[in-house]
Amino acid sequence: MKPKALNDNPFMKPVEWASLALLCVLIFGLLPLALDGFRLNLVGKYLTYAFVALGLVICWGTCGILSLGQGVFFGLGGYCMAMYLKLEASSVENTKIQSTPGIPDFMDWNQITALPWFWKPFHSLPLTLIAVVLVPTLFAFIVGAAMFKRRVGGTYFAIITQAIAAILTILIVGQQGYTGGINGITDLRTLHGWDIRTDTAKTILYFVNGGLLVACVLVAQFVKRSKLGRILVAMRDKEDRVRFSGYGVASFKIFAFCLAAAFAAIGGAMFTLQVGFMSPSFVGIVPSIEMVIYAAVGGRLSLFGAIYGTLLVNWAKTTFSESFPELWLFGLGALFIAVVLAFPDGLAGIWRQHVEPRLTRRAKAAPAALPQGAPAE
Amino acid sequence: MFGEYSLGDLGAIFAMQGFAGLILFSVYVLMALGLAIIFGQMGVINMAHGEFMILGAYMTYLCSGFFQAHLPALFPAYFFVAMALAFVAAGALGMLVEWGLIRHLYKRPLDTLLATWGLSLILQQAYRSIFGAREVGVELPSWMMGSVQATDAIEIPINGLFVMAVTVLITLVVAGLLFASRYGKQVRAVMQNRVMAGAVGIDTGRVDCLTFGLGCGIAGIAGSAFTMIGSTGPTSGQLYIVDTFLIVVFGGAASLMGTIASAFSISQTQSTLEFFLSGSTAKVITLLAVVGILMLRPQGLFTLKVRR
């Protein structure tokens, strides 16, 4: 292939604009029209996982860093949001019967009499919104800086992030008085006085969620298409060569990891808002690895693939575990193995290898157009 | 937290908890030994390692039931049979998995992680379907119960000593196998350079298969030992997988000595802290310390000097 100058590269190719349009039609048009309130809320919940999958496309697919601790960032974002909502729900009038009114009920049950210091900032909505993104990103920065500056990568990084997910889960479960323990933070009611439990609120939140997701897709696309994105790919494929060319490999990796963490955190916060609670079961190793499989099924290189992968896996999970709970784990396990062995590029890979060449051939009706190589991603 | 105890008490507490932690240590060492072979030598991230351990635990459970019902005379000796069976069953399953799954993935280590995670889900559900979701326990023969009274304040549990002895034996056998036998030389050659090893006439496929089987088999024995400290359920193995990986990484992935040393320090820290703090806090502190040290010293405790 002839080398192209960087500025020949448009922000998105026509096919990608088309996929974006299709995604928008699906999220904002078809799904809300076709589904009832309950199912739409369910899809909204799935779409919050898609934020994590998007982050993994950047971090894992593009940059080659497999993080098994994305649940940590999802959870931190979600917990930040939940803390604000919980404080609002535990106003002095609402909690009159407690021995210490004005603090969340689970603190009262655990004989805590004053609000811990790290809960205090969450009285304010602006601070909360900042914390939702900042706390997980900062955490990712610390972990990433500690690891990547010392050239820890690949499998080691995966194992350490996994350990961090385990630690955070045990910590949240163990410190019941401060975190709500295994039940998490429940009974959330209003966001700045606006009841989030009504059907209208849920529909509005669904659209906000969809809008944020599309925004994140655009940000991720911007990163992928920029020069930065090319360095990320180069690092994935030949890290040493990039390092010897004079780039600070660690900083780029930290950036990719932090971006993925920020996406996951936004997803977590939207999850709390739409589902109405947050618990440690979304932080640990099992959910974190499940989030990786969303990206893997959709295609670890494709932003749109990741979203469809998330929707597909979750839809399958809900359907199967409703009707055949026994078979679901077999199915999920087989899915992991099949994706890895047979379709390493997931749905997007199948599309690109089998469907797209056929479509272009038909569209052009050209004599035997050779299947084009995968687009430079 | 040490304030209310005298120095002598503290010594006894440390010793007691140390001996009480013997079984945990043995389980950790055996699990980590298997993983050090699979992960350290072969570079495969086997997330299903805990499920291989649980297979060993279920074999022990079946043996215990079988001997109680049909061969009560031989019941005192059943544990040896159980351990052998656990090794064979887990090893055979391991070889099957290597042949069906792992051998396609040697060039993509991160993908082995996803595939073996899928495998672990399948195994968990299989255990649930076969043995039921309830946790099961085994009956120990009477000679393994009780403890040796070392001093007034210190008791050493007999089953701990027994498992410890088995662990030492297995460690020696594995070390001998890897470092002093023809097979071990082949293993190390294949792990260093699969293509070159094949070129000089080593059957790399066979070596890979045996090595993976060996690692899984040892995990099976760990499962046998595990039945003494906990009841066996379909998902019990998952609780141990993170600890085990940390032990292997902490010790320096390629070093057997390091694996043992780190298993010892981690299990003893945890078991000692558990006396003073709640179980979950002890675990958090231990894991945090390990992760903290790994951030400062990512190559682990014991390692060859290699420039990466």
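**Membrane spans, aromatic contacts and cavities**

Residues 109-127 of chain B are 100% helix and 0% strand, with the C-alpha atoms at the two ends of the span lying 27 Å apart. The model described here is a predicted one. In chain B, residues 77-97 are 95% helix and 0% strand, and the C-alpha atoms at their ends are separated by 31 Å. Both spans belong to the UniProt annotation "transmembrane region", which comes from an unreviewed entry and covers residues 12-40, 52-71, 77-97, 109-127, 161-184, 205-227, 239-263 and 275-296 of chain B.

For chain A, the UniProt annotation "transmembrane region", likewise from an unreviewed entry, covers residues 17-35, 47-69, 125-148, 155-174, 204-223, 244-271, 291-315 and 327-351. Among these, residues 204-223 of chain A are 100% helix and 0% strand, with end C-alpha atoms 29 Å apart. Residues 327-351 of chain A are 84% helix and 0% strand, and the distance between the end C-alpha atoms is 28 Å.

Aromatic contacts were examined next. Over all chains, 31 aromatic pairs are counted. One of them joins F118(A) and Y178(A), whose ring centres are 6.1 Å apart and whose planes meet at 55°, a tilted arrangement. F118(A) is placed in the loop between helix 4 (105-109) and helix 5 (125-148) of chain A, whereas Y178(A) belongs to helix 7 (residues 176-179) of chain A, so the pair ties together parts that lie 60 residues apart in sequence. Each partner is partly exposed: the relative accessible area is 30% for F118(A) and 34% for Y178(A). In chain B, the ring centres of F80(B) and F162(B) are 5.5 Å apart and the ring planes stand at 90°, so this pair is edge-to-face. Because F80(B) lies in helix 4 (residues 78-100) of chain B and F162(B) in helix 6 (residues 158-180) of chain B, the contact ties together parts 82 residues apart in sequence. F80(B) is partly exposed, with a relative accessible area of 46%, whereas F162(B), at 12%, is buried.

Chain A also contains an aromatic cluster made up of Y49(A), F74(A), F271(A), F277(A), F282(A) and Y294(A). In chain B, an aromatic ring takes part in a contact with a charge: the charged end of R194(B) sits over the ring of Y106(B), at 4.0 Å from the ring centre.

Internal space was also surveyed. Rolling a probe the size of a water molecule over the atoms shows where empty space remains. Across the whole structure, 3 cavities of 30 Å³ or more are found. The second largest cavity holds about 40 Å³ of space. Its lining consists of G69(A), V72(A), F73(A), F139(A), V143(A), T161(A), I164(A) and F257(A). Helix 3 (70-89), helix 5 and helix 6 (154-174) of chain A each give two or more residues to the lining of the second largest cavity. The residues lining this cavity comprise 6 nonpolar and 2 polar residues, and no charged ones.

Helix 5 of chain A also holds L127(A), which is partly exposed, with a relative accessible area of 45%. The C-alpha atom of L127(A) is separated by 9.5 Å from that of Y84(A), a residue 43 positions away along the chain. In chain B, A222(B) is part of helix 9 (residues 204-226). With a relative accessibility of 0%, A222(B) is buried. The C-alpha atoms of A222(B) and Q125(B), 97 residues apart along the chain, are separated by 21 Å.

Backbone geometry was considered last. Most residues other than glycine have a negative phi. In D187(A), by contrast, phi is positive, near 60°. D187(A) is located in the loop between helix 7 and strand 1 (190-191) of chain A, and is partly exposed, at 36% relative accessible area. H192(A), also a residue other than glycine, has a positive phi near 50°. The loop that holds H192(A) runs between strand 1 and strand 2 (194-195) of chain A. With a relative accessible area of 59%, H192(A) is exposed.

Notes
Residues are numbered from 1 along each chain as its sequence is written. Chains are lettered from A and ligands numbered from 1 in the order in which they are written. This is a predicted model: local features need pLDDT of at least 70, side-chain atom pairs count only at pLDDT 80 or more; totals for chains, interfaces and linings use all residues. Side-chain values use heavy atoms; hydrogens and water are left out. UniProt positions are given in the numbering used here, feature names are shortened, and annotations may be inferred rather than shown by experiment. Helices (H or I, at least four residues) and strands (E, at least two) are DSSP runs, numbered from the N terminus. Rings of Phe, Tyr and Trp (its six-membered ring) pair if their centres lie within 6.5 Å; planes under 30 degrees apart count as stacked, over 60 as edge-to-face and the rest as tilted. Buried means under 20% relative accessible area, exposed over 50%, partly exposed in between (1.4 Å probe, protein chains only). A charge sits over a ring if NZ of Lys or CZ of Arg is within 6 Å of the ring centre and within 35 degrees of the ring normal. On a 1 Å grid over the protein atoms alone, a cavity is a set of points where a 1.4 Å probe fits but cannot get out, and a pocket is an open set with protein on both sides within 12 Å along at least five of seven lines; lining residues have an atom within 4 Å of a point. Grid points are joined across faces, edges and corners, and a volume is the space filled by probe spheres set on the points. Ala, Val, Leu, Ile, Met, Phe, Trp, Tyr, Cys and Pro count as nonpolar, Asp, Glu, Lys and Arg as charged, and the others, Gly among them, as polar.
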